[in-house]
Amino acid sequence: MSLQRFIKQAISPWMSQEGPDSDIVLSSRIRLARNIESYSFPLISTNEEAKEIIQLFEEKFLNKTSEESIHFEILKMNELQPIEKRVLVEKHLISPHLAEETNFGACLLSENEEFSIMINEEDHIRIQCLFPGLQLTEALEAANQLDDWIEDHVDYAFDEKHGYLTSCPTNVGTGMRASVMMHLPGLVMTQQMSRIIPAINQLGLVVRGIYGEGSEALGNIFQISNQLTLGKTEDDIVEDLKSVVHQLIVQERSAREALVKTSKIQLEDRVHRSFGVLAHARIIESKEAARCLSDVRLGIDLGFINDVSSNILNELMILTQPGFLQQYAGGPLRPAERDSRRATIIRERLKMEKNTLDNEGGKTI
């Protein structure tokens with residue numbers, strides 16, 4: 001398969017779109033945890049119960065269109081190869097927990113991959129909605145509509161006092177996790193993140209890496225989400241998160257302006273060195289690739305590089321992950337082989353962009 005065709009098939013359609021403040025906010029996500037009344041929660045359920053829940057979803061929702069014209073297809077974890085499941089995790093379409101479920105885990109996935117419904121994860125149902133840029137309110141509205149559609153067909157485990165009942169007590173109440181993925185190189189370079197993260201935690205929010213709990217903030221990308229789900233409404237949780245995100249956007253832009261004002265030549269040098277590595281390296285590890293991609297994206301946002309689309313970098317942050325590299329290779333790769341193939345994909349993708357610009361009569365990279 002050619003790289004161009006692979007990219008087209010591999011990247012979720014919503015990833016190539018731009019949203020509000022998308023130079024800093026890469027994506028917004030709403031996740032709703034729900035359980036079905038009269039069934040044991042997944043942590044203690046039998047295989048028979050888990051199987052019945054999948055059958056229920058196949059009967060009620062598979063190949064049927066919601067009121068919002070969302071068509072779903074089902075992916076069963078026991079029918080997928082380990083590499084395929086890893087790719088879904090890297091695209092944030094399923095959780096690592098669901099990927100480890102080998103028997104009766106599944107996912108209903110919409111055609112444009114904005115919506116996914118994880119089945120028999122930590123809870124019976126995990127509804128997820130992903131939008132580009134800062135669109136938490138819009139994502140919440142869409143997730144609630146999908147939630148209502150499901151609730152028309154099943155009875156949720158719900159308590160008038162405590163709200164939606166979930167396997168983990170930290171999700172009881174609204175059962176909602178709202179999160180944004182942010183690119184914050186300015187705050188990292190000016191060494192402000194070590195001060196900002198504890199302040200955010202004190203507000204009932206949590207800062208994690210690119211793949212959530214326990215993951216590292218590769219490429220200066222941070223995931224910020226709510227911790228509290230009980231005692232606040234969904235709208236209140238979203239508004240509180242948006243307020244903090246807006247402040248971070250202001251601080252990140254201020255940090256970038258300060259870097260340009262005080263260290264422009266050093267910053268330009270860093271950006272172009274990183275671009276040189278991406279364009280010419282024959283071996284590159286994931287951490288170095290993420291750092292260089294972050295530098296180049298910052299250079300694009302600041303106007304230091306004018307002939308590369310930031311969408312390419314969005315693609316490469318996904319395409320250079322281990323699962324995608326092995327999927328493209330057609331089988332497992334050793335770490336050294338992944339580092340070599342990662343460098344090759346980056347070079348080829350940048351070369352494709354250059355050829356496109358040449359054909360359109362534009363500037364070259």
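This talk covers how some helices pack in this predicted model, and then a few individual residues.

I will start with helix α8, residues 234-280, since two of the packings involve this helix. Two packed helices are described by the angle between their axes and the distance between the axes. For α8 and helix α9, residues 286-301, the angle is about 130° and the axes are 8 Å apart. The two are therefore oblique to each other. The crossing of α8 past α9 is left-handed. On the α8 side, the contact uses R256, L267, R270, V271, S274, F275, V277 and L278. On the α9 side, the residues are E288, A289, R291, C292, L293, D295, V296, L298, G299 and D301. Sorted by class, the residues of this contact are 10 nonpolar, 2 polar and 6 charged.

The other partner of α8 that I want to show is helix α5, residues 136-151. Here the axes come within 10 Å and cross at roughly 155°. Angles over 145 degrees count as roughly antiparallel, so that is how α5 runs relative to α8. This crossing is right-handed. From α5, the contact takes in L136, T137, L140 and N144. From α8, it takes in E234, D235, V238, E239, L241 and K242. The class count for α5 with α8 is 4 nonpolar, 2 polar and 4 charged residues.

Next, helix α11, residues 322-329. How much of α11 is buried? Of its 8 residues, 6 are buried, so α11 is largely enclosed by the rest of the structure. Those buried residues are P322, G323, F324, L325, Q326 and Y328. After α11 comes G330, with a positive phi near 90°.

Which residues of helix α3 contact α11? Before the names, the geometry: α3 is residues 82-90, and α3 and α11 pack at about 135° with their axes 8 Å apart. They are therefore oblique to each other, and α3 passes α11 in a left-handed crossing. The α3 residues in the contact are I83, E84, R86, V87 and E90. Facing them from α11 are P322, G323, F324, Q326 and Q327. By class, that contact has 4 nonpolar, 3 polar and 3 charged residues. Of the α11 residues named there, P322, G323, F324 and Q326 are also among the buried ones.

Helix α10, residues 310-319, is mostly covered as well, with 9 of its 10 residues buried. The buried set is S310, N311, I312, L313, E315, L316, M317, I318 and L319. At the N-terminal end, S309 acts as the cap of α10. A side-chain oxygen of S309 lies 3.0 Å from the backbone nitrogen of N311.

Now the individual residues, beginning with two arginines in strands. R177 is in strand β8, residues 176-183. Is R177 buried or exposed? Its relative accessible area is 11%, and under 20% counts as buried, so R177 is buried. The R177 side chain makes a polar contact with the side chain of N171, at 3.3 Å. Apart from neighbours within four places in sequence, R177 is in contact with R29, I30, R31, T170, N171, N226, Q227 and T229. N171 therefore appears in that list as well as in the polar contact.

The second arginine, R208, is in strand β9, residues 205-208. R208 has 23% relative accessibility and counts as partly exposed. R208 and I221 are 13 residues apart in sequence, and their C-alpha atoms are 9.0 Å apart in space.

Last, two residues picked out for backbone geometry. Most residues other than glycine have a negative phi. D21 is not a glycine, but its phi is positive, about 55°. D21 sits in the loop between α1, residues 3-10, and β1, residues 25-34. At 25% relative accessibility, D21 counts as partly exposed.

N220 is not a glycine either, and has a positive phi of about 60°. Where is N220 found? It is in the loop between β9 and β10, the latter being residues 221-226. N220 has 14% relative accessibility and counts as buried.

Notes
Residues are numbered from 1 along each chain as its sequence is written. This is a predicted model: local features need pLDDT of at least 70, side-chain atom pairs count only at pLDDT 80 or more; totals for chains, interfaces and linings use all residues. Side-chain values use heavy atoms; hydrogens and water are left out. Axes are lines fitted to C-alpha atoms, for helices over the stretch in contact, and angles run from 0 to 180 degrees between N-to-C directions. Helices (H or I, at least four residues) and strands (E, at least two) are DSSP runs, numbered from the N terminus. Angles under 35 degrees count as roughly parallel, over 145 as roughly antiparallel, 65 to 115 as roughly perpendicular and the rest as oblique. A crossing is left-handed if the near helix is turned anticlockwise from the far one by less than a right angle, and right-handed if clockwise. Contact means heavy atoms within 4.5 Å. Ala, Val, Leu, Ile, Met, Phe, Trp, Tyr, Cys and Pro count as nonpolar, Asp, Glu, Lys and Arg as charged, and the others, Gly among them, as polar. Buried means under 20% relative accessible area, exposed over 50%, partly exposed in between (1.4 Å probe, protein chains only). A polar contact is a pair of N or O atoms within 3.5 Å; within protein, one must be able to donate a hydrogen and the other to accept it, and residues adjacent in sequence count only if both atoms are side-chain atoms.
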